[in-house]
Amino acid sequence: MTSPEHAAGATSMRTHLCGDLRSSDIGKEVSVCGWVGRRREHGEHLAFVDLRDHSGLLQCVINNNVDVRSEFVVRITGVVRARPDGTVNNSLPTGEIEIGDCEVEILRRADPPPFSIDDRANDVDENVRLQYRYLDLRRSRMQRNLRVRAKVNSAVRTAMERQGFVEVETPMLVPSTPEGAREFLVPSRKSPGEFYALPQSPQLFKQLLMVGGTDRYYQIARCLRDEDLRADRQYEFMQLDMEMSFVTQDDVLNAVGEAVLSAAEAVLGERPPEIERITWHDAMNRFGVDKPDLRFGMELMDLTEVFVSTEFKAFAGAESIKGILVEGAASEFGRNQLDKLTERAKGIGAKGLVWLKVTEGGFESPVAKFLSEAEAQMVRDQMHASVGDLILVVADEWATTCEVLGTLRNDLGRPPVHEGPYRYVWVVEFPLFVGVDPTTGNPRPGHHPFTRPHPDDVDRIESDPLSVRSIAYDLVLNGWELGSGSIRIHEPELQRRVFAALGITEEEADNKFGFFLRPFDYGAPPHGGFAFGLDRLTAILAGEDNIREVIAYPKTQSGADPMTKSPLPVDATVLSDLGIRVLPQAD
C-alpha cells in the first residue's frame, strides 16, 4: 500500500509506512521512517532493528556497525524480501517480510526513554506515563485509541450532516449559570471583580439557536466542569451536542441513535441493533439503577406480595421487598463474605440484608426458621432458584431497596465496561423532580429547570410534584451513561409553573435566566435536544475502562497535569491586573 503522501507522484522522505508493507511488495526498494524499537544483534556483521511508526512495526536488517539505539529517529532505505524459513512472525501484519540491504540515515538521536515504548508500558505508573505523555503516545495502544476517536468524531459529523444538522460554534466565555455542577471562572481584566464562566455545556445557547430559526444544530463541543474526577470523568470533556425544532421525543432519539450507531459501525465494522428503550421506573424496578447494564441477568425480583402476611418482623409492613439471584454461588460465599455483603448493604442505606442459600430441603440461612413453608416455596418459585444458588433480599422503602440491590447486582455480576456485547438502552420518563430540599421544602429538579413535564402529569405539578414524569431521556451503554437530553419547555406560562414549584420567584428567574427566557417571548418553537460524551463512547469502543486512555492530554485523578505541572501559581502582577488577591487556605 502506497502512503498518501506519495499519491500523484509526490516526493517525500518515505515511500511507505512501516505497517503497510506486505509479501506483495517483495523486490521493491522502499524508504521508511520511524523510531527504533528493539535492536537484536545477529552475529558480528548484522543486527535486526524493529522500526516503528503509527502504522506498525517492520523488521530491518542493518549493518552491525551502525550505531542506532532505542528511540533514535531514522530513515531506512532497502529492499523488501521474504523472511527466512522459520523466522516468520505470525503475530505481526508485516511478519512475513523484512527490509534488507539497508542504508540507515539517523535523523535524530534520542536519550534513553524512562520506560519501554511498547505495550509493556501498561505496567508503568500512570503519573509517569502522563509526565512523559509525548512518549506514551508513541505506543501502539495510544495510537490506535486516538485513531478510534477520530473515526468516532468523523462518523458522528457525517451522520449529523446527513440528517440536515448545521454545525454552529457557541461561546467559551459565558455567564455563570446554576446548571448543577461547579464552574471554572475566568476573571475579567476590563471589569475587575466580575467573571466569565467556562461552559458546562452549550445548553442555553443551543436553545436560543432554535429561537433563531436554526432548526437543527449540532456541535462537537468542549465542556468544562469543576467536579471530582474518576474513570469516566475529566474536568474538560468533549460531547456531541445537538438541538432540534418542531420535534417529538422519538425524533430526537432517532437522530441521536443514528449518530451513535454510525460511530460504532465505523469502529467495529458492523452496525449494532436498534437501541431498545425502558422507562426510568422499570429500570429501577428491574436493575436498581437508572444506568442499567443489560449484559447480564441478576434482575431484581419483587417479593413484596410473597410476604404480605408474613410473621417475620424484618419483612412485616415493608413498603418494598426485592431479591436478586446469584446463580451457583451458595458454595462460593462463606460466612465472612456474607457478613461483608451485609455491611456493604448497610453502607448503602439498607437496614440489613437477608441471604438464603438454596438447598435440597429448603434454605440454609439464619432466617430460614422464620419463613413459613409456603413463603419459602414462593420465594424459590419467584426467584427461579435452583439448588446451589444464593438469594439476597432487602426489605425497605422502594427507593432504598432498588438502590441497595442494584449496587450489589453490579458489584457481583457486572463485567468490565468495554467487554462485549455492546448493549445500548434509552432510559425515558425520568422524574421531573427528585426529592425535597430539606432547607426550603421545595422539590429539586431531576434534570434542569427547562425540562418539559410529561403531558399526562402536568396537572400534578402543584399538588403532587414528586409524581410528575418528564420528557427526559438518557442513553446508556454497558452501564455507563453516555449522555442525556429532554424536550424543552417553550411556553412562558408552563415555565413559570415549574419555577414556582422549585421555589424560584419571577425576580430570581429574571436575574438568573433573563437573557435566556426573554427571547422566548418572541416566538420559541417546540424543541428538544441531547448531548452525549464522545470520550465515554470512544473508551468503550476502544476497549478501555478509563477515558484517560482515549484523551491525548488528560488530567490525573487529582486534577493535575504531570507533564506541564499545572495547575501552577500565577505571578502577583498578573493577579493584581485582574484585581485578585489569593487568600490563605484555612486549616
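Contact here means heavy atoms within 4.5 Å. In the predicted model, residue A264 is in contact, beyond its neighbours within four places in sequence, with G269, E270, P272, Y424 and L541. A264 belongs to helix α5, which spans residues 249-268. With a relative accessible area of 0%, A264 is buried, because the term applies to values under 20%. A separation of 172 residues in sequence lies between A264 and V436, whose C-alpha atoms are 40 Å apart in space.

The overall dimensions and composition of the chain may be stated next. The secondary structure amounts to 13 helices and 22 strands. Along the principal axes, the C-alpha atoms occupy a box of roughly 90 × 75 × 55 Å. Of the 587 residues in the chain, 48% are buried. When contacts between residues at least 6 apart in sequence are considered, 66% of them join residues at least 24 apart.

An open sheet is formed by eight strands, arranged in the order β6-β9-β10-β22-β21-β20-β17-β11, with mixed pairing. Its edges are provided by β6 (166-167) and β11 (276-279), each of which pairs on one side only. Helix α3, comprising residues 140-162, packs on this sheet and touches β6, β9 (216-224), β10 (236-245) and β22 (527-533). The direction of α3 makes an angle of about 150° with that of β9. Helix α6 (residues 280-287) also packs on the sheet, where β11 and β17 are touched. Between the directions of α6 and β11 the angle is about 85°.

Within the sheet, strand β20 (residues 472-477) runs antiparallel to strand β17 (residues 424-428), and five bridges join the two. In this part of the sheet, V428 stands opposite Y473 of β20. Strand β20 also pairs with strand β21 (residues 480-487), in the antiparallel sense and over six bridges. The bridge partner of L475 in β21 is G483. The hairpin of β20 and β21 has two residues between the strands, and N478 adopts a positive phi near 50°. Strand β20 is mostly covered, six of its six residues being buried. Burial extends to both faces of β20: A472, D474 and V476 lie on one side, and Y473, L475 and L477 on the other.

A further buried position is found in strand β13 (residues 320-326), which contains G323. The relative accessibility of G323 is 0%, and this residue therefore counts as buried. Apart from residues up to four places away in sequence, G323 touches E299, L300, M301, L303, M383, L392, V393 and L405. The C-alpha atom of G323 is separated by 30 Å from that of P443, a residue 120 positions away along the chain.

Two helix pairs were examined for their packing geometry. Packed helices are described by the angle between their axes and by the distance between those axes. For helix α7 (residues 335-348) and helix α9 (residues 398-413), the axes come within 9 Å and cross at roughly 135°. Helix α7 is therefore oblique to α9. The crossing of α7 and α9 is right-handed. On the α7 side, L341, R344, A345 and I348 participate, and they meet E403, V404, T407, L408, D411 and L412 of α9. Classified by type, the residues of this contact between α7 and α9 are six nonpolar, one polar and three charged.

The second pair consists of helix α10 (residues 492-501) and helix α11 (residues 506-517), with axes that come within 11 Å and cross at roughly 135°. The orientation of α10 with respect to α11 is therefore oblique. The handedness of the crossing of α10 and α11 is right-handed. Here Q495, R496 and F499 of α10 meet E506, A509, F513 and L517 of α11. The contact of α10 with α11 comprises four nonpolar residues, one polar residue and two charged residues.

Key:
Residues numbered from 1 in each chain as written. Predicted model: local features only at pLDDT ≥ 70, side-chain atom pairs only at ≥ 80, totals over all residues. Heavy atoms only, no water. Pairing = 2+ DSSP bridges. Helix = DSSP H or I, 4+ residues; strand = E, 2+ residues; numbered from the N terminus. Axes fitted to C-alpha atoms, helices over the stretch in contact; angles between N-to-C directions. Parallel < 35°, antiparallel > 145°, perpendicular 65-115°, else oblique. Left-handed = near helix turned anticlockwise from the far one by under 90°. Nonpolar A, V, L, I, M, F, W, Y, C, P; charged D, E, K, R; others polar. Buried < 20%, exposed > 50% of the residue type's maximum accessible area, 1.4 Å probe, protein only.
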